[in-house]
Amino acid sequence: GRGMERSTRKYRICFIDCMWYAAEKWSAREHNNLNGGMLLFLVWTFAILLPLGVPTAFHFLNQIAALAIVLILCLVPGLFCEFRYTARRREALQERYHDMKHPGRILCRIVLAAIALAVANVVLMFHLGFVHWSR
């Protein structure tokens with residue numbers, strides 16, 4: 001009834017939720033391992049952490065500290081999913097995206113965007129001088 005509607009409206013749904021839900025839905029349909037958490041982990045790691053975080057960390061810190069920070073940052077998507085996607089938020093997302101017909105297409109766009117972002121970030125790091133071609 002009305003109370004249910006009100007409870008789902010208070011969740012602010014963002015782009016990351018759409019990504020997560022598309023991956024969950026696709027994974028359930030195709031019975032593969034690319035669920036929401038996995039997708040967020042891959043995008044975070046390959047589009048953001050590796051091109052931006054790793055060169056920055058190794059530039060400013062010694063190798064042990066840099067490695068430790070990178071490993072901790074690898075845990076971010078898992079913790080994010082753990083805390084964000086509670087049963088009630090999952091319900092809210094299901095209500096919001098119940099008519100999502102083509103999660104696979106959405107995933108393709110997300111992967112392409114992630115690749116573009118990764119390339120842009122690598123170029124940026126070269127430009128800023130954090131990454132050098134090894135001769």
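Which residues does Leu 61 touch, not counting residues up to four places away in sequence? In this predicted model, the contacts of Leu 61 are Ala 66 and Ile 69. Leu 61 sits in the loop between α3 and α4. Its relative accessible area is 35%, so Leu 61 counts as partly exposed. Leu 42 lies 19 residues away from Leu 61 in sequence. The C-alpha atoms of these two leucines are 24 Å apart in space.

Helix α3 spans residues 36–60 and is kinked. The bend is about 60 degrees and is located at Leu 49. A proline, Pro 51, follows shortly after the kink. Both Leu 49 and Pro 51 are buried. The buried residues of α3 also include Gly 36, Leu 39, Leu 40 and Val 43. Thr 45, Ala 47, Gly 53, Pro 55 and Ala 57 are buried as well. Several helices contribute to the cover over these positions. Among them are α2 (15–30) and α4 (63–74). Helices α5 (76–84) and α7 (103–128) also take part in covering the buried residues of α3.

Helix α2 contains Ser 27. The relative accessible area of Ser 27 is 12%. This value is under 20%, the cut-off for burial, and Ser 27 is therefore classed as buried. Beyond the residues up to four places away in sequence, Ser 27 touches Asn 32, Leu 34 and Asn 35. Ser 27 in α2 is thus buried at 12%, whereas Leu 61 in the loop is partly exposed at 35%.

Key
Residues numbered from 1 in each chain as written. Predicted model: local features only at pLDDT ≥ 70, side-chain atom pairs only at ≥ 80, totals over all residues. Heavy atoms only, no water. Bend = angle between axes of the 7 residues up to and from the residue. Helix = DSSP H or I, 4+ residues; strand = E, 2+ residues; numbered from the N terminus. Buried < 20%, exposed > 50% of the residue type's maximum accessible area, 1.4 Å probe, protein only. Contact = heavy atoms within 4.5 Å.
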